[in-house]
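This report describes the architecture of two chains, beginning with the arrangement of domains in one of them and ending with the overall make-up of the other.

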Amino acid sequence: MSVISIPAAFDQAPAVRARPASLGRDVMSIAGRALRAVPRELETVIPPIFIALFFFIVNIGTLQHLTESHLKSFDIKAFMLPTAILIGVTGVSRAGSLVLDIQDGYLDRLLLTPVSRIAILLGHMVADVAIACALTIPILVLSVILGVSIEAGLIGALVFILIAALWCLAFAGFGYAIALKTGNPAAVNSAFLLFFPFLFMTSSYVPRSQLSGWLNTIAAWNPVTYLLEGLRSLVTTGWQWDSLLKAVLAIAGVGVLSMSLCLAALRGRTRRG
Amino acid sequence: MHPTDTAIKAEGLVRRFNGTTAVDEVDLDIPRGEIYGFLGPNGAGKSTTVRVLCTLLTPSAGRAFVAGHDVADEPEQVRLRIGVALQEAALDPKQTGVQLLRLQGRLYGLSRREIDRRLGDLAQLIDIGDALDRPIGTYSGGMKRRLDVAAALVHDPEVLFLDEPTTGLDPVSRARMWEEVRRLNDELDMTIFLTTQYLEEADELADRVGIINDGRLVAEGAPATLKRAVGNDVIVARLDGTAAAAAERVERLPGVHGAEPRGDELVITADDGAATIGAVAVALNNVATVRHLTLRTPTLDDVFLELTGNRIENGQRVTDESDNNELVEVAS
């Protein structure tokens, strides 16, 4: 049996002193770990891109003739772009990894360090935002190749990506809340299903003016409606500040709700131990 | 704040889960530089106590101080000063060993240079060679355990908690872990709070042992002192016949402290085993056939039996109330 010796450096070098890191450093440390894991977990990134592209292409193929022949100067490709992006980025979340951390006991390891509790969540979410941005770009590029022109220009395209990423962040909060509350991967995977009613009871496939009475009423209360209209305004009409403001407010509303649930779940888990 | 020569202090520490009391009025006073063995069967409350002392759980009642700071009121200060290797090695199988240690260092606020230096020190300490650059998922159980301990040491803690560090390890890895624990204590003067279900581990490593049963600390002291309290020697007789009837007979002999039947065995504690064993053999021959007679010094198992009426076997509490040994599972 080989005997392990304490290295001389342990005794000679000045001892290191643990100290609390800044919130920013903690967040970046956790986010760095989450992002490094992405190339090893492509199965979590490829499906959202595939689904977004699938819906984009199939919806255009299905609805182009019908809509463009009936609605004057209607561009189905520009109209469908935000819908496809939202379908893609809404599924992006590292909440599944958080469940694995809970199951492996790795979350306990993090909780035993002086890291700020909120930084553990924010770190994962920063990684989600980065992935959402990276996912939006190829779909945007494809749409430009297919002939969509972004009326708000290059800066408008960047704002488009930013809004999509913020939505991803706001919605991801639900997944993290479920992860922290249940520690159950199946429950986390079902979080995406929450989005479906919101996606279909809105102007995702036709303009709001074409929705029937009851659906139009529901769409008026659906935050996804304002999100879609804000994103579409950047593509089809340029800088429409009222649409953008409503989109940001819709994201903020959903974000406040999801983050409140998320923080309550985090408090509950740290209290339960 | 407690005096700086005290590493861990608990006063009436209680932790309940939904009405079940897992830790019940535990008092601890552990000086700096000591290896303290916390011994008990599965479900006795060892891990819950560690989780409270490490700030993962808040106490339901009582107070606890670690490295001079209250675990409930100043958990951040406690976390800066402790290193913890929990019962299950808490590792991310997809990270490499180096990535795990680097992240750990960053979370303790260490600079890149400090992390580099500690990485060099720890790589030698845990001695897993090039494996540090491999994903942790490819490590053996022993390597994971050693990496887990290394992660707990990144920030050079004052107090190290090791929760059942050798459970599930093969004998070679276990001996190696013992060696590491001793050296950390000897050469770095680190206070080590070690929970274990293995009696020989507590006996081998600990300066003092606390025995916990059903959430209560039932005894505390140096292993030698605890064993002396049972008696100087133990005679174990394996019998054909009822050990209970034989016990009555043996207990009356001069120099015998006590006789406990355990299935077909009779465990006799005596002041001077060598002087008593002959008389014991004669007395037993009159009531049963003696198949085997052994003289040995007491173990912590004997102490546990004396204090609780039960033994620890493979981490489980074994009661000897009937002739057939019965495993008693205790909810954690």
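In chain B, the centres of domain 1 and domain 2, taken over C-alpha atoms, are separated by 35 Å. The model is a predicted one. According to the domain assignment of chain B, domain 1 covers residues 6–223 and domain 2 covers residues 227–326. Contact between the two involves 13 residues of domain 1 of chain B and 12 residues of domain 2 of chain B. On the domain 1 side of chain B, the elements that contribute two or more residues to the face touching domain 2 are α7 (199–205), β9 and β10 of chain B. The class composition of that side of domain 1 of chain B is nine nonpolar, three polar and one charged residues.

Chain B also contains an open sheet of six strands, in the order β6-β7-β8-β3-β9-β10, with mixed pairing. Its edges are formed by β6 (82–85) and β10 (216–221) of chain B, each of which pairs on one side only. On average, and with direction ignored, neighbouring strands of the sheet are turned by 15° against each other. At one edge, β6(B) runs parallel to strand β7 (residues 159–163) of chain B, and four bridges join the two. Within this pairing, Leu162(B) of β7(B) stands opposite Ala85(B).

Two helices of chain B that pack on the sheet are set out below.

| Helix of chain B | Residues | Strands of chain B touched | Angle between directions |
|---|---|---|---|
| α6 | residues 171–188 | β3 (35–39), β7 and β8 (191–196) | about 155° with β8(B) |
| α11 | residues 300–308 | β3, β9 (208–213) and β10 | about 40° with β9(B) |

Strand β3 of chain B is thus touched by α6 of chain B and also by α11 of chain B. Strands β9 and β10 of chain B, which α11 of chain B touches, are also among the elements giving two or more residues to the side of domain 1 that touches domain 2.

Turning to chain A, what is its secondary-structure content in helices and strands? Chain A has 13 helices and zero strands, and from the N terminus on its elements accordingly read as an uninterrupted series of α. The C-alpha trace of chain A spans about 80 × 35 × 35 Å along its principal axes. Chain A comprises 273 residues, of which 42% count as buried. Among the contacts in chain A with a separation of 6 or more, 79% are accounted for by residues 24 or more positions apart.

Definitions and conventions: Residues are numbered from 1 along each chain as its sequence is written. Chains are lettered from A and ligands numbered from 1 in the order in which they are written. This is a predicted model: local features need pLDDT of at least 70, side-chain atom pairs count only at pLDDT 80 or more; totals for chains, interfaces and linings use all residues. Two strands pair if DSSP finds at least two bridges between them. Axes are lines fitted to C-alpha atoms, for helices over the stretch in contact, and angles run from 0 to 180 degrees between N-to-C directions. Two residues are in contact if their C-beta atoms, placed from the backbone, lie within 7 Å. Domain bounds come from an automatic or database domain assignment. Ala, Val, Leu, Ile, Met, Phe, Trp, Tyr, Cys and Pro count as nonpolar, Asp, Glu, Lys and Arg as charged, and the others, Gly among them, as polar. A residue is buried if 20 or more other C-beta atoms lie within 10 Å of its own, exposed if 12 or fewer, and partly exposed in between; C-beta atoms are placed from the backbone.
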